[in-house]
Every structure is written in structure tokens, then in C-alpha cells.
Amino acid sequence: MRVITWNVNSLRSRLPRLLALLDREKPEIVCLQETKVSNGDFPTLPLVEIGYHVVANGSGGSAGVAILSRRPPEVIQLGFPGDPLHEEARVVVATVGRIRTVCVYVVNGRSLNDPTYQTKLEWLDAFTRWLTQSHDRGEALLLAGDFNVAPDDRDVHDPDAWEDSIHVSEPERARIRALLDWGLIDLLRLHSDQPGLHTWWDYRSGAFHQGRGLRIDLILATQTLADSCVDVRIDRNERRPTAGEGKPSDHAPVIADFEGTWDP
DNA sequence: ATGTCACTTTACAAGTGA
């Protein structure tokens, strides 16, 4: 069973690349962020035509999330009770097979002195409170998305240059640790402790070409699911400009493989 | 610090968010 998370930075702009990714990787579950499309304008048809179910949560703003799945999704939830930014559409939840799948797009925050930085911390607190209080660490829970936080210095191309910056500040990292302390496991770190495994590179200044990136797109899972995770990789090639399928997102997809079908 | 991208708007350029 294959799971992919990808911040597409506009689904409509990225649709040709998404269709190529689905054809290439044949994932069972896909978590998308920054779809930037309202539910009414979601390009459902080309995805249904190739065998995917679609659960979208989009308000047309700069966020928007979606879960695509081979199996029909059940117990669908848009946002979460007490979401302080409910109208921004940052969370979508669905059960696929035996896996409770939470797709998340965390507030960016822009910089430590921007008002949205506090919003980010408060939103992460509310999200984590909901997640930990309404789920069981014994269940097969998958939490995937753009966390807009690089969990530790291995996830930052130049930790000195990024010290006390947005995405790496200690209060942000403490919020990620709270999720891990509750019982979630950072699946990529099961397989590699190497630095330089980035998932996002700024469009500007040739950041991708120069390897100046961060790992902010994560797939977390509870122990029962993590036990069956056999591989996690980052599709860096998808971040490259290519002919024919339009421009790349500023994020690369993260791809996790699990043993077994996880059918009910 | 910033050389990009995609979206929006009383829309054909400029502001916003990332």
C-alpha cells in the first residue's frame, strides 16, 4: 500500500503533473495541500476517471486540502471541532480501509514577528488537542501534510542561517514534538537519519538548484501503521522543471510504502 | 536578502500569500 502527501500549490495548475504522478506511482491514498480551489470547482472528473475517490475541503482561498483514495472513503470530516481557522479549509479526514487518514495544511506564519506566527502556534495547539483527545494511539492513524515546520536541524539546509526563523523556531518544533510524544512516528526518520532530505525549496533565487531546502512535509503514523512502513522517499524529480506538464510546485511529494493491504 | 509563482480584483496591472 502506497501513500503520498504533496503540497501542489494550486491543484488546477498542477493537474497534469498530478495525473502523471498517479500514473507513475499508483498510490492508494493521496493527501493534497494548497489545492486553492473551492469544492465546486474541484477537478473531480479526471481523477474519478482514473479510479480515485475524492474528498475535498476547499474554500477557494490560499489553503484547501483533499484526500484521494482507491478505496471509497468513509466517515468523512471537513476541518475539526474547535478549528479556529475552520473557514480556511486546512484539514480533511477520512477512513480509507482500516486507516484513519488526516490531511493537514498548517498555517505558514511568515516570520516570527508576523501576527500570523502566534496564530500558527495557537492553531497547532488546537489541532493537536483535537487529534490527541479524539483518537486512540492504538488505532491505525495516518497524519500527513505540509506542517510548515522543519522538525530538527537535519531538516534544514543551513541551520545557522535559519536559526530562530519561521519553520524552525523552538516553539514551532515543540508543537511537532507534542504530536510525536503522544504516539505519532515520523516515518521518514524510521528509514534515514541523514540531513539534506528536503521537501520544499523557495521558488526564488535558485534555491532548488542550490540545494537550499527544508523538510516540512511529513507523514506521521501511529505504531501499528509505522510497523508496516517499509520505505519512505521524496520525489525530488517532481520539483524539477520539465517539458510538457507545466511548472513544478515548490514542494516535492513524499511517498511512503506499507506492507499489506490495510483493507478492512 | 529575495532573482518566483498563482491567485484575486470593478481585471489587461498591482497587491497578496506563500
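Which residues are the closest to DNA strand B, and how many surround it? Let's start there. A quick caution before that: this model is predicted.

Fifteen is the count to remember: 15 residues surround DNA strand B. The closest are S10, R14, E34, N108 and R110. Find those in the sequence, then find them in the structure.

Next, what kinds of residue make up this surface? Near DNA strand B there are seven polar residues, six charged ones and two nonpolar ones.

Now turn to the DNA side. Take the atoms of DNA strand B within 4 Å of the protein. Of these, 70% belong to sugar or phosphate. The rest belong to bases.

Let's look at single atom pairs. Start with S10. An N or O atom in the S10 side chain is 2.4 Å from a phosphate oxygen of DNA strand B. Move along to S13. Here a polar side-chain atom lies 3.3 Å from a phosphate oxygen of the strand. Then comes Y203. With Y203, a polar backbone atom takes part, 3.3 Å from a sugar or linking oxygen of DNA strand B.

Hold on to R14 and Y203. Both of them touch S249. So where is S249, and is it buried or exposed? S249 sits in the loop between β13 and β14, with β14 spanning 254-258. Its relative accessible area is 0%, so S249 is buried. The other residues that S249 touches, beyond four places away in sequence, are W6, N7, V8, N9 and R239. S249 also has a partner close by in sequence. A polar atom of the S249 side chain lies 3.0 Å from the backbone nitrogen of H251.

On to empty space. How do we look for it? Rolling a probe the size of a water molecule over the atoms shows where empty space is left. Searching the whole structure turns up one cavity of 30 Å³ or more. The largest cavity holds about 30 Å³ of space.

What lines the largest cavity? The list runs D186, L188, T199, R215, D217, L218, I219, V232, I234 and V254. Sort that lining by type, and you get six nonpolar residues, three charged and one polar. Two strands each supply at least two lining residues: β12, at 217-221, and β13, at 229-234. β12 gives the largest share, with three residues.

Some of those lining residues come back with T5. T5 belongs to strand β1, residues 2-7. T5 touches L218, I219 and V254, among others. Each of these three is also in the cavity lining. Further contacts of T5 include C31, A144, G145, A252 and P253. Its relative accessibility is 1%, so T5 counts as buried. What does the T5 side chain make a polar contact with? The side chain of Q33, at 3.0 Å.

Last stop: R173. Where does R173 lie? In helix α5, residues 170-182. R173 is a charged residue by type. Is R173 buried or exposed? The cut-off for buried is under 20% relative accessible area. R173 has 11% relative accessibility, so R173 counts as buried. Its contacts include V149, A150, P151, D152 and D153. V156 and V168 are also on the list. Take D152 from that list. D152 and R173 are 21 residues apart along the chain. Their C-alpha atoms are separated by 7.3 Å.

That's the tour. Go back to S10 and trace the route yourselves.

Note on methods. Residues numbered from 1 in each chain as written. Chains lettered and ligands numbered in written order. Predicted model: local features only at pLDDT ≥ 70, side-chain atom pairs only at ≥ 80, totals over all residues. Heavy atoms only, no water. Near = heavy atom within 4 Å. Polar contact = N/O pair within 3.5 Å; in protein donor to acceptor, adjacent residues only side chain to side chain. 1 Å grid on protein atoms, 1.4 Å probe; cavity = no way out; pocket = protein on both sides within 12 Å on 5 of 7 lines; lining within 4 Å. Points joined across faces, edges and corners; volume = space filled by probe spheres on them. Helix = DSSP H or I, 4+ residues; strand = E, 2+ residues; numbered from the N terminus. Buried < 20%, exposed > 50% of the residue type's maximum accessible area, 1.4 Å probe, protein only. Contact = heavy atoms within 4.5 Å.
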